[in-house]
Amino acid sequence: MVLGSMAPRRRWLLLGLTALAVVALIAAGAVVITRLTGDNKPGGAPVGGSPTPSPVGTPTPSPSGPPPGADITGPLNLLLVGVDTRVSVPGWEPHSDAVLVLHVPKGLDRAYLFSLPRDLLVDIPAFPKAGYKGGKTKLTHAMSFGSRVPGKPKQPSTAQGYELLRSTVSGYTGLRIDAGAVLTFNGFDRLVDTLGGVDIYVDQRVESLHRRPDGKYRESAPGGYKGPQQVYEKGERHLNGWQALDYARQRYITGGDYARQRHQQQLIRAMTRKILDEGLAKQPERVDQVVSALGDTLVYVGGRKIVDIAYALSGLPENRFTLVGLPGSGVGKGSAYRGEQLTAEGRKFLTELRAGRADAYLAAHPGLVVKN
């Protein structure tokens, strides 16, 4: 099908995909090609203030009726996942390399985006569908354990893995997950390039583990990689597609994975600003270009039509989009390292978020707000 000839209803559905992609983009982290396949069952409970979930698919909006998603009043919680797979390894189980939660309170006039460390120690519930009995381990393993299909050891299901990850995140945060997006690696750099790159303030000097200055991958060597490295110097920078992805991947830097989470969030905001500044929603031909670049890199999992959620969030002011960095620390020492845990300050934010007191808590703890 030629994108330029798509009917209006299809184009608006693609716009919805694009809107969620802008939010989910940097969840990719160190993602490699995969796709959420299998069933398309609802990804969680109905959206706050919404009727029973309806299947994904978009009817043409009636000119005289309410706009799509007009009944969505919030609160709304979206789970954004970047999946690490290794396509060269047969039967490789998917791992959630990046896990982000977007919380939009009732009224849909503000939003909070925070990351959960991939190594966060959590209670993963029993999941009979995958033969998993439950246990306390790193968050990144939830999708892996959940993806196991009994009798098919070399055919893991990312869709099934997402189901267990969603339950785990919901249990840890106390937030009902209304919808989700799983983002893959392939096409990310093309998407950023289609938008003309992004402008971002690089808040610390970052040396790339993976890329050379010309964008080519560094050669593997015993114990790591060899050859010249791409370097992102501190200051205002314009990043093209491969640079944006590469910058968001780096975690062997000052601040480790927490710095990487911060950089991912900053890039999400940069992409959001880019979309808003260009008025993308008013340019169907640009929507076509962006969606064409996306291809199969984004898969939506939700209980409401994707276009409904996109419309519902379309009025969210950019200056009310708050990035929150949850501090944490390691559990165990040296070879006894078990994972990460949030500090009391970070855990308290989740409590206050559920209670609708996030603004007051962040005002009293400004260090949690990610700047730039």
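This is a short talk on the helices, nonpolar cores and salt bridges of the structure above, which is a predicted model.

I will start with helix 9, residues 344-354. Its buried residues are Gly346, Phe349, Leu350, Glu352 and Leu353. Those residues sit on the same side of helix 9, because the arc they cover around the axis is only 165°. What lies over them? The cover includes three helical or strand elements from the earlier part of my list, namely strand 2 (95-104), strand 3 (111-116) and helix 3 (158-173). It also includes strand 14 (321-324), strand 16 (339-342) and helix 10 (358-364). Just after helix 9 comes Gly356, with a positive phi of about 80°.

Take one residue from that buried face, Phe349. Setting aside residues up to four places away in sequence, Phe349 touches Phe114, Val324, Leu326, Ala358, Tyr361, Leu362 and Leu368.

That brings me to the cores. The largest nonpolar core has 35 residues, and the members that touch the most others are Phe114, Val169 and Phe349. Which elements supply at least two residues each? They are strand 1, strand 2, strand 3, strand 4 (121-124), helix 2, helix 3, helix 9 and helix 10. Helix 3 gives the most, with four residues. There is also a second, separate core of 21 residues, and among its members are Ala98, Leu100, Leu113 and Phe321.

Now helix 3 itself. With 16 residues at 1.5 Å a residue, helix 3 should span 22 Å, and the distance between its end C-alpha atoms is 22 Å, so the two agree. Its buried residues include Thr158, Gln160, Tyr162, Leu164, Leu165, Arg166 and Val169. Gly174 follows just after helix 3 and has a positive phi of about 80°.

Next, charges. Side chains of opposite charge can pair when their charged atoms come close. Across the whole structure the search finds 15 salt bridges. I will show three of them.

In the salt bridge between Glu93 and Arg148, the closest N and O atoms are 2.9 Å apart. This pair links distant parts of the chain, 55 residues apart. Glu93 is in the loop between strand 1 (76-84) and strand 2, and Arg148 is in the loop between helix 2 (141-146) and helix 3. Arg148 is partly exposed, at 36% relative accessible area.

Asp214 and Arg212 form another salt bridge, with 2.6 Å between the closest N and O atoms. Both ends are partly exposed: Asp214 has a relative accessibility of 45%, and Arg212 has 26%.

The third is Arg320 with Asp359, at 3.9 Å from N to O. Arg320 lies in the loop between helix 8 (306-313) and strand 14, while Asp359 lies in helix 10, so the pair ties together parts 39 residues apart in sequence. Arg320 is partly exposed at 32%, and Asp359 is partly exposed at 40%. This pair belongs to a network of salt bridges that links Asp109, Arg110, Arg320 and Asp359.

Last, one residue in the segment after helix 10, Val369. Is Val369 buried or partly exposed? Its relative accessible area is 23%, and the cut-off for buried is under 20%, so Val369 counts as partly exposed. Its C-alpha atom is 5.9 Å from that of Leu323, although the two are 46 residues apart along the chain. Beyond its neighbours within four places in sequence, Val369 is in contact with Thr322, Leu323 and Leu362.

Note on methods. Residues are numbered from 1 along each chain as its sequence is written. This is a predicted model: local features need pLDDT of at least 70, side-chain atom pairs count only at pLDDT 80 or more; totals for chains, interfaces and linings use all residues. Side-chain values use heavy atoms; hydrogens and water are left out. Buried means under 20% relative accessible area, exposed over 50%, partly exposed in between (1.4 Å probe, protein chains only). The arc is that of the directions from the helix axis to the C-beta atoms. Contact means heavy atoms within 4.5 Å. A salt bridge is a side-chain nitrogen of Lys or Arg within 4 Å of a carboxyl oxygen of Asp or Glu. The expected span of a helix is 1.5 Å times one less than its number of residues. A nonpolar core is a set of buried Ala, Val, Leu, Ile, Met, Phe, Trp, Tyr and Cys residues joined through side-chain atoms within 4.5 Å.
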